[in-house]
Amino acid sequence: MSIEMKSGATVMEIAGRSIGGDHFAVIAGPCTVESRDQVLASADALLAAGATMFRGGAYKPRTSPHSFQGLGQEGLRLLQEAKDRTGMPVVTELMDVRDVEAVCEVADVIQVGARNMQNYTLLSEIGRSGTPALLKRGLASTLEELVMAAEYILKEGNERVLLCERGIRTYEPAYRFTLDLMAVPVLKEMTHLPVIVDPSHAAGRRDLVPAMSLAAAAAGADGLIVEVHPDPDEAICDGPQQLRLEDFPAYLEQVERVAQVAGKQLSAAAV
Ligand code: PEP
Ligand code: MN
């Protein structure tokens, strides 16, 4: 059974890891897959630190069409290598229905980016694929719209959907997006689905990520998806917001402590 209701809270089983209820998941990894060394060094260190799953994009939704768009098939191959080597479940983005089969071959969780939250054809296809999904809230989407987008996946019989608050656009220019942490308890009222938070894309700045992660855990989130890079200063994209790999173990320890206060245990990858 992949979904279990425990005293009103949903516990999802994904690739041997539990998310939801009293299980807290930390999905960590670089913004994008850049090279074999970068991916394997990240996956090894994140496994050792106790992260729950590994993230990395092979297909990247970039604001400018002139920016790096991801390594594509080669990126998926490198993610597969990291998975074979570490056993960590992989979370990676699907942008185009034409890539669904290739992405499903490696992905334990398909990420739907904020810009594709209302791409209904893509959502239905992910629903039919049966692969669990991580659905990010659109930049200017209401919670109702997010829940309706999730319904497109659920409607096809795929019940394993994680909702993700990643910051919304407001009039405040001091940071990239405004992290709407009230979305966490309110989404939990609206649905039975686990709710996770992405502090990296909301902040756009590494220094804000630890505090927002702890706040998310305190707000009752079921997990985090956070960007971590072995050398963020040289990262191809989102360098300024990615945590340094060497800082991750101390970061995770703090997150784990606050999650415990909120009644949750870190769901670590089985070493
Ligand atoms: C990402 O996770 O790398 C990403 C592009 O996120 P978002 O869709 O939330 O901007
Ligand atoms: Mn990114």
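**Exercise 1. Determine the state of Cys-104: its accessibility class and its part in any disulfide.**

Solution.
Step 1. Cys-104 has a relative accessible area of 22%, so this residue counts as partly exposed. The model under study is a predicted one.
Step 2. A disulfide requires two cysteine sulfur atoms within 2.5 Å. For Cys-104 the nearest cysteine sulfur belongs to Cys-164 and lies 19 Å away, and Cys-104 is in no disulfide.
Step 3. Cys-164 is likewise in no disulfide, the nearest cysteine sulfur being that of Cys-31, 13 Å away. With a relative accessibility of 0%, Cys-164 counts as buried.
Step 4. For the structure as a whole, the number of disulfides is zero.

**Exercise 2. Describe how the manganese ion (ligand 2) is coordinated, and locate the donors along the chain.**

Solution.
Step 1. Identify the donors. They are Cys-31 through SG, His-201 through NE2, Glu-227 through OE and Asp-238 through OD, at 2.0 to 2.4 Å from the ion.
Step 2. Write their spacing. Along the chain, the donors follow the pattern C-x169-H-x25-E-x10-D.
Step 3. Place two of the donors. Cys-31 is in the loop between strand S4 (23-29) and helix H1 (36-49), while Glu-227 belongs to strand S11 (residues 223-229); the pair is 196 residues apart and links distant parts of the chain.
Step 4. Classify these two residues. Cys-31 and Glu-227 are both buried, a class that stands for under 20% relative accessible area.

**Exercise 3. Characterise the largest pocket by its volume and its lining.**

Solution.
Step 1. State the volume. The largest pocket holds about 320 Å³ of space.
Step 2. Examine the lining. It is made up of 21 residues, and those closest to the centre of the pocket are Pro-61, Arg-115, Arg-176, His-201 and Asp-238.
Step 3. Sort the lining by character. Ten of its residues are charged, six are polar and five are nonpolar.
Step 4. Compare with Exercise 2. His-201 and Asp-238 are named both among the residues closest to the pocket centre and among the donors of the manganese ion.

**Exercise 4. Analyse the salt bridges Arg-36 to Glu-81, Lys-188 to Asp-222 and Asp-233 to Arg-244.**

Solution.
Step 1. Begin with the total. The whole structure contains 17 salt bridges, each of which needs a nitrogen-to-oxygen distance within 4 Å.
Step 2. Take Arg-36 and Glu-81. Their side chains meet at 2.6 Å, N to O. Arg-36 is in helix H1 and Glu-81 in helix H2 (residues 73-86), 45 residues apart. Arg-36 is partly exposed, at 44% relative accessible area. The two residues also belong to a network of salt bridges that includes Glu-74 and Arg-77.
Step 3. Take Lys-188 and Asp-222. The closest N and O atoms of this salt bridge are 2.7 Å apart. The bridge joins helix H6 (residues 183-190), which holds Lys-188, to the loop between helix H8 (209-218) and S11, which holds Asp-222, 34 residues apart. Lys-188 is partly exposed at 31% relative accessibility, whereas Asp-222 is buried at 1%.
Step 4. Take Asp-233 and Arg-244. The salt bridge between their side chains spans 3.5 Å, N to O. Asp-233 is in the loop between S11 and strand S12 (243-244), and Arg-244 is in strand S12, eleven residues apart. Asp-233 counts as exposed, at 54% relative accessibility, and Arg-244 as partly exposed, at 23%.

Note on methods. Residues are numbered from 1 along each chain as its sequence is written. Chains are lettered from A and ligands numbered from 1 in the order in which they are written. This is a predicted model: local features need pLDDT of at least 70, side-chain atom pairs count only at pLDDT 80 or more; totals for chains, interfaces and linings use all residues. Side-chain values use heavy atoms; hydrogens and water are left out. On a 1 Å grid over the protein atoms alone, a cavity is a set of points where a 1.4 Å probe fits but cannot get out, and a pocket is an open set with protein on both sides within 12 Å along at least five of seven lines; lining residues have an atom within 4 Å of a point. Grid points are joined across faces, edges and corners, and a volume is the space filled by probe spheres set on the points. Ala, Val, Leu, Ile, Met, Phe, Trp, Tyr, Cys and Pro count as nonpolar, Asp, Glu, Lys and Arg as charged, and the others, Gly among them, as polar. Donors are N, O and S atoms within 2.8 Å of the metal (3.2 Å for Na, K and Ca); water is not among the atoms, so sites may look incomplete. Helices (H or I, at least four residues) and strands (E, at least two) are DSSP runs, numbered from the N terminus. Buried means under 20% relative accessible area, exposed over 50%, partly exposed in between (1.4 Å probe, protein chains only).
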